[in-house]
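Visitor: I should like to take a close look at a single part of this protein. Please describe how one pair of helices meets, and then place that pair in its surroundings.

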Amino acid sequence: MKILILYFSAVGATKEVAKRMAKYFTNHEVDCYSIEEPFCQDLSSYDALIVGTPVHHAEPAKLLMKVIDELPVQTRKIPTFVFNTKGLAACHTNRILAKQLLSKNLITVYEADYVAPASDGALILPQMKRFFRFEKGIEAKIAQDCTAFLALVASLKEEVVVKLPPFRFSSVMNAPNKFGSGFVTLNIRVHRDACTKCGLCISRCPYDAIHSDEAGYPMITKSSCTNCYRCIHHCPTRALGLWKKKHLKVLAY
Ligand SMILES: Cc1cc2nc3c(=O)[nH]c(=O)nc-3n(C[C@H](O)[C@H](O)[C@H](O)COP(=O)(O)O)c2cc1C
């Protein structure tokens with residue numbers, strides 16, 4: 001079987017899961033790409049597709065949705081496994097992603113959530129150890145999900161029928177949080193005393209939201225920034241953060 005794994009990872013957790021999946025399919029031909037890398041837009045040579053996203057405010061990452069939106073409609077239906085990595089609650093992330101994929105003939109037949117280090121929670125509540133680790137037994141869960149997906153694909157007859165991830169009650173509970181996050185976004189601060197002007201935050205920003213100011217320090221364009229926090233977690237000198245004080249701990253992969 002020829003399998004394509006496509007993912008977006010702002011900080012690193014979704015990439016970890018995607019790579020572990022790729023390793024799992026040793027007896028198959030597997031391509032594993034971040035959507036930030038070039039990949040062939042015609043997916044018709046693949047027998048199965050896996051798509052992964054972090055949960056950002058109870059939705060898939062914006063960049064992934066944009067990339068899928070720009071994909072051509074595939075000439076044949078491809079059975080697809082959608083997964084997310086989440087800090088707490090994924091709500092309708094997989095459902096939204098599956099609907100978007102469906103419009104491109106990429107048919108979701110399997111879904112999974114994986115609890116991962118919380119790229120927002122780790123910055124806001126660093127005392128919660130729980131926000132710095134993957135769920136227990138994730139390796140086994142990934143293996144189980146990959147086996148189940150492969151078995152499902154192998155059993156499919158001519159017609160690939162979509163299995164949309166169901167409505168989740170957690171999305172109702174999360175509605176006030178989601179509504180509020182549309183209005184309140186934390187500004188990303190630059191600690192000039194720690195910044196070495198290395199430019200890593202600029203080159204790695206997935207949304208091209210960081211440029212240098214006249215003095216060479218990073219300057220964040222709020223209208224382009226989605227607060228994915230890659231810049232904060234990937235800064236080698238912890239020169240970016242949410243608070244006046246520097247973060248003592250950030251996520252490292
Ligand atoms: C802006 C932002 C919003 C987030 N919103 C949610 C959320 O609504 N629910 C949740 O469970 N996790 C949420 N998270 C946590 C991430 O989904 C989680 O840490 C994910 O594993 C990050 O994946 P990545 O490391 O591949 O970027 C959010 C993280 C960020 C940065």
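Guide: In this predicted model, one may begin with the residues at which two helices touch: V17, R20, M21 and Y24 of α1 meet E139, I142, A143 and C146 of α5. Sorted by class, this contact of α1 with α5 comprises six nonpolar residues and two charged residues, with no polar ones.

The geometry of the pair comes next. Helix α1 covers residues 13-24 and helix α5 covers residues 138-155. The two pack at an angle of about 55°, and their axes are 10 Å apart. Because of that angle, α1 is oblique to α5. The crossing of α1 and α5 is, moreover, right-handed.

Helix α1 also has a part in the surroundings of the ligand. The ligand is surrounded by 26 residues, of which A10, V11, T14, P54 and T85 are the closest. The elements that contribute two or more residues to this shell are α1, β3 (48-56) and β5 (78-86). By class, the shell around the ligand holds 14 nonpolar, nine polar and three charged residues.

A wider view concerns the domains. The protein is divided into domain 1, residues 2-173, and domain 2, residues 189-241. The C-alpha centres of domain 1 and domain 2 lie 27 Å apart. Their contact takes nine residues from domain 1 and eight residues from domain 2. On the side of domain 1 that touches domain 2, there are four nonpolar, two polar and three charged residues.

The ligand brings these two views together: the shell around the ligand draws at least three residues from each of domain 1 and domain 2, and α1, the helix that packs with α5, is among the elements giving two or more residues to that shell.

Methods. Residues are numbered from 1 along each chain as its sequence is written. This is a predicted model: local features need pLDDT of at least 70, side-chain atom pairs count only at pLDDT 80 or more; totals for chains, interfaces and linings use all residues. Axes are lines fitted to C-alpha atoms, for helices over the stretch in contact, and angles run from 0 to 180 degrees between N-to-C directions. Helices (H or I, at least four residues) and strands (E, at least two) are DSSP runs, numbered from the N terminus. Angles under 35 degrees count as roughly parallel, over 145 as roughly antiparallel, 65 to 115 as roughly perpendicular and the rest as oblique. A crossing is left-handed if the near helix is turned anticlockwise from the far one by less than a right angle, and right-handed if clockwise. Two residues are in contact if their C-beta atoms, placed from the backbone, lie within 7 Å. Ala, Val, Leu, Ile, Met, Phe, Trp, Tyr, Cys and Pro count as nonpolar, Asp, Glu, Lys and Arg as charged, and the others, Gly among them, as polar. A residue is near a molecule or strand if its C-beta atom, placed from the backbone, lies within 6 Å of it. Domain bounds come from an automatic or database domain assignment.
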